[in-house]
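Ready for a short walk through this model? Open your viewer, turn on side chains, and follow the stops below.

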Amino acid sequence: MVAQPEPSGTRTWRAPGRINVIGDHTDYQDGLCLPMAIDRECRVVVAPPTHPETVTATSAQMPGAVAVPTAGTTEPASVLPAWGRFVAGAVSACIDRGVAVPACGLTVTSTVPAGSGLSSSSALSVALVVAFTDLAGVTLDRVDLARLALDAEVRATGVPGGLLDQMAALHGVADHLLLLDCRALTAEPVALPRALGFVVVHSGRPRTLAGSAYAQRRAEVEAVARRLGLATLRDAAPEQVADDPRARHVVTENARVRAFADALRAGRTDALGPLMVASHASLRDDYGVSTPELDRAVDLLMAHGALGARLTGAGFGGCAVGLVQRNHADDVVAKVARALEAAGEPAPVAFAVRGADAAGEV
Ligand code: ADP
Ligand code: MG
């Protein structure tokens, strides 16, 4: 591989976090989801190297200094501090894809809260691979970049994630949701009416079990697909999965995503909230990925003016998202935060989010 010229000045790349408005635990079954890239993002500032043939990195949010050889030979899982595994994963995924990563010094800064289900990890991975491919002068399309970022993240964490988060970060359009078809690997922007907005509420619990329980759920629905003789549940009919709650969630969730996108396009905004509420019930009762704290966040959102609410992301802690009248967003945020405080949460986290543009150089 040809050695890459090292950066001489500094350059900056960004990638957004995301909420998933509807369509969770469908991506790894070739299904549909409807995320929105948000105005919380990870920035990676790339400066000239401080050590030869090494990518060094520090983070404004995480302690410790990371050093990874540009050869991509380091096993990402062995890197300490642990967040450096994302840097090592990105370097080794790039090298294996023929992207020569130059020696450089990285500074990471993110406004995506980590471990909350807003995909701070993909914001970081996508920002890194977009930076590395640009520095190497390699042009990949947005889907290949998403695959590369997913590869980096799987190397870093060992968790076999779907492409939802990376696709959202790489296809975001301001004030739009994205209808993702995880089989066709397409992302279609769907406009959010001006009158509507979203509010994020942290459940108060980190996503602790997410890795192991995620892999277990994934194995369960893969087994159902195999039993039905299907590659994935994308083509399963509702009656084929009526008796299996896990598979039933996947199949009904795909239908809810379609219905949500159709309602948005047709301006039938009354239909949106109930679809989110039904999605949460399915994730809680059929898929078994909610927690009492997530249920509480959803209940508080609904009690304080949200039109619909559900957990967002993989569940097992992290955040809930509420659909609100945009001019009520601040009011809903304040009321939910007060209610959480009254319920004993020491530092409630709630904020409004807007749809943001895709990852790229700043
Ligand atoms: P989520 O993606 O839902 O935020 P994850 O557990 O998948 O939660 O990812 C969180 C991990 O991503 C952190 O533990 C850390 O390793 C990495 N990470 C996220 N943000 C940053 C940051 N600003 N600096 C360094 N590492 C980060
Ligand atoms: Mg993550």
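Begin by selecting Arg-310 and Glu-253: their side chains form a salt bridge, with the closest N and O atoms 3.3 Å apart. Keep in mind as you look that this is a predicted model. Colour by secondary structure and you will find Arg-310 in strand 9 (residues 308-311) and Glu-253 in helix 6, so this pair ties together parts that are 57 residues apart in sequence. Switch on a surface, and check: are these two residues buried or exposed? Both Arg-310 and Glu-253 are buried.

**Stop two: another link across the sequence**

Now select Asp-181 and Arg-234, whose side chains meet in a salt bridge at 2.9 Å, N to O. Which parts does this pair tie together? Asp-181 belongs to strand 6 (residues 176-181), while Arg-234 sits in the loop between helix 5 (210-227) and helix 6 (245-266), so the bridge connects parts 53 residues apart in sequence. Asp-181 and Arg-234 are both buried.

**Stop three: a bridge within helix 6**

Stay with helix 6 and pick Arg-265 and Asp-262, which are three residues apart there, or about one helical turn. Their side chains form a salt bridge too, at 3.2 Å from N to O. How accessible are the two partners? Arg-265 is partly exposed, with a relative accessible area of 42%, and Asp-262 is also partly exposed, at 38%.

Next, add Asp-24 and Arg-256 to the pair from your opening stop: salt bridges with shared partners join Asp-24, Glu-253, Arg-256 and Arg-310 into one network. Across the model, the count comes to 26 salt bridges.

**Last stop: helix 1**

Finally, select residues 84-96, which make up helix 1. From first C-alpha to last, this 13-residue helix reaches 18 Å, close to the 18 Å expected at 1.5 Å a residue. Eleven of its 13 residues are buried, so helix 1 is largely enclosed by the rest of the structure. Among those buried residues are Phe-86, Val-87, Val-91, Cys-94 and Ile-95, and they include small ones to click on as well, such as Gly-84, Ala-88 and Gly-89.

What covers them? Show the surroundings and look for strand 3 (54-59), strand 4 (66-69) and strand 5 (104-110), together with helix 2 (120-136) and helix 3 (142-157), which are included in that cover. To finish, step past the end of helix 1 to Gly-98, where phi is positive, near 85°.

Conventions:
Residues numbered from 1 in each chain as written. Chains lettered and ligands numbered in written order. Predicted model: local features only at pLDDT ≥ 70, side-chain atom pairs only at ≥ 80, totals over all residues. Heavy atoms only, no water. Salt bridge = Lys/Arg side-chain N within 4 Å of Asp/Glu carboxyl O. Helix = DSSP H or I, 4+ residues; strand = E, 2+ residues; numbered from the N terminus. Buried < 20%, exposed > 50% of the residue type's maximum accessible area, 1.4 Å probe, protein only. Expected span 1.5 Å × (residues − 1). Contact = heavy atoms within 4.5 Å.
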